[in-house]
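Please look over the sequence and the model shown here before reading on. The briefing that follows goes through its topics one by one.

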Amino acid sequence: MLVSRLVTGIVVIVGVPAATVGYIALIEGLLSLVPPKARGQIRPWLWVAPAFVLLIVYLIYPVINTLYLSFMNADSTKFVGLSNYITFFTAQTTLTALRNNILWLIFSTGLVVTLGLLFAVLFDKVRYEAAVKALVFIPMAISFVAAGIIWKLMYDYQPLGQPQTGTLNAIVTALNGQPIAWLIDPGTNNAALIWVGVWMWTGFSLVILSAGLKGIPQDIIEAGRVDGATEWQILRSITVPMMSSTIIVVATTMVINALKAFDVVYVLTNGNYGTDVIANQMYKQMFTFTNFGLASAIAVVLLVAIVPVMLVNIRRFRAQEAMR
Amino acid sequence: MSAETTTSTMRQFRVPVQSRAVSARLVRFLERAPVHIVIVIIALIWMVPTLALLVSSFRPASLIATTGWWTAFETPFHFTLDLYRQALTTAGMGQSFINSLFISIPATVIPIMVAAFAAYAFAWMSFPGRDLLFTLVVGLLVVPLQMTLIPVLKLYNALHLTGTFPGIWLAHTAYGLPFAVYLLRNFFGQLPRDLFESAYLDGASTFTAFFNLVLPLSVPAIASLAIFQFMWVWNDLLVALIYLGGFPSVAPMTVAISQLVSSLGGGWQLLTAAAFISMILPLIVFFALQRYFVSGILAGSVKG
């Protein structure tokens, strides 16, 4: 089986680029048969065609279709108007998920941006900056699933009296505290999950904000120091305002991540004990309950929540284009 | 006093150059001590969790369940490869590793090619609606996957693409296109116009201009994109879960591990080795090609 897989793999890796090159050769060949004036008009469409066919099939059509399905019942046979949306905003399970996503939104975005900024400023002051940045950045290379398992180990709980296996509880009991069931206790579990996300994404925020920080002209900072400003005042009144567009990039990405949070919750708690999130709810409605109507409505709510971010992105993009 | 006696007096009290530099550096270090301490704490917070997993994966399962990972450093040592052996064979991690490779590599190569063609058209060809279409691509960057799952799954079921590799290659290609087109178009657009003009003056066709000129010059951007896309697909859970399902013959590592989590419950020690096997490749890719990964992120936009 391995050999046949290998052969198929090689065929694909060689064949697909060959096929795509062949596609371009083909359309260019066809274009040479067309009168020169029409050539330049038709050519762009042929070049963007493969991408656009895929985008239409996998992104544009599904968005419209999901919107349509959200107004239908569970197996999409009957029109039910807004009842799926009403269910979403009244059912206890979905409301808890909504509340949790808001927690993710506020805290994961807030922490990632703040920590990224503080770390960027802090690491800037030492010579081994590159090494520490790489260290904080490493979690970005691993999957959320792997990160979930790493922190499952960290959060592990043993009842009082037995030796602790989880690092956090070991520290807590060493300080004479009671071991905490981080993932089960409703007072800590959402925070514990959100922290995993923060641990993973701070590196991303750090790298971008550090680059933005180094783009600030040093003379302005020096002028502030000469005028007697403290480091804190410099951070607040000079650094942060000058980095505002970079901070927005990080913040918008984190907002989207917070709304789409799925893997960590799925792997660590599967949404139990009051930790569920919208994306996980949608998955459950889709597969466990096969309620396509409700699942679609949940997806639409997610999209609506992201639209403001989309508009911010587009506006930023337009501004960048105007400067080209 | 004469100049000579002044200098000879001063010579008595002159501090040797080396110790002056050392003491100055020491003072500076002590002033900086709080910064260094905080940074060390931060580094520990970021490193210890992964270290804990690594150490645990080399311990016998029974010890993991009853003692903390830090006790592994006390004699007598009990390090063993048992968990890795178990993970690779009976738990099917070896198979799922190969599945992950089989999914990730084409799902990286295909989007790059398709996106490059479109990006080239957006950057260097003019056609009506070009800017509007590109703005559409930018907008699509943030569309959540969840909006697409049900219709595409229905399509796949009808076309018997569910649970097949070509199905997931196409899906990952499409999902990766907005970011890839955006990144490459920005890069292509920065190539100097005279480059193309002199090429066309020399009689080059669009075909040769693209393959012999643009692509070789774009290797850094393509490398960044390739790494980004590869890591994204390798670490993906949701897309594989939906379009491939959990069948061992096709499931990638992320899906296989998440299934282990739900099925093992009490025997989760196996996960330590399984998780580390899934992390090795991305970590190697990351360390070897960190520069490209970072510059891909800094290219001004991010994958939603």
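How many residue pairs are in polar contact across the interface of chain B and chain A? With both residues at pLDDT 80 or more, the rule finds eleven such pairs, where a polar contact is a pair of N or O atoms within 3.5 Å, one of which, within protein, must be able to donate a hydrogen and the other to accept it, while residues adjacent in sequence count only if both atoms are side-chain atoms. This is a predicted model, in which local features need pLDDT of at least 70 and side-chain atom pairs count only at pLDDT 80 or more, whereas totals for chains, interfaces and linings use all residues. Residues are numbered from 1 along each chain as its sequence is written, chains are lettered from A and ligands numbered from 1 in the order in which they are written, and side-chain values use heavy atoms, with hydrogens and water left out.

**The interface of chain B and chain A**

- Chain B brings 109 residues to the contact and chain A brings 107 residues, contact meaning heavy atoms within 4.5 Å.
- Between them the two chains bury about 9,500 Å², of which 81% is on carbon and sulfur atoms; buried area is the accessible area (1.4 Å probe) that two parts lose on being put together, summed over both.
- On the side of chain B that touches chain A, helix H2 (residues 17–57) of chain B gives the most, with 16 residues; helices here are DSSP runs (H or I, at least four residues), numbered from the N terminus.
- By class, that side of chain B has 81 nonpolar, 25 polar and three charged residues, with Ala, Val, Leu, Ile, Met, Phe, Trp, Tyr, Cys and Pro counted as nonpolar, Asp, Glu, Lys and Arg as charged, and the others, Gly among them, as polar.

**Salt bridges**

- Over all chains, a search of the whole structure finds ten salt bridges, each a side-chain nitrogen of Lys or Arg within 4 Å of a carboxyl oxygen of Asp or Glu, but the count between chain B and chain A is zero.
- The side chains of A:Glu28 and A:Arg43 form a salt bridge at 3.1 Å, N to O.
- A:Glu28 lies in helix H1 (residues 2–31) of chain A and A:Arg43 in helix H2 (residues 36–69) of chain A, so this pair ties together parts that are 15 residues apart in sequence.

**Around B:Leu161**

- B:Leu161 lies in the loop between helix H7 (146–159) and helix H8 (165–189) of chain B.
- B:Leu161 and B:Leu244 are 83 residues apart in sequence, while their C-alpha atoms are 8.9 Å apart in space.

Notes
Helices (H or I, at least four residues) and strands (E, at least two) are DSSP runs, numbered from the N terminus.
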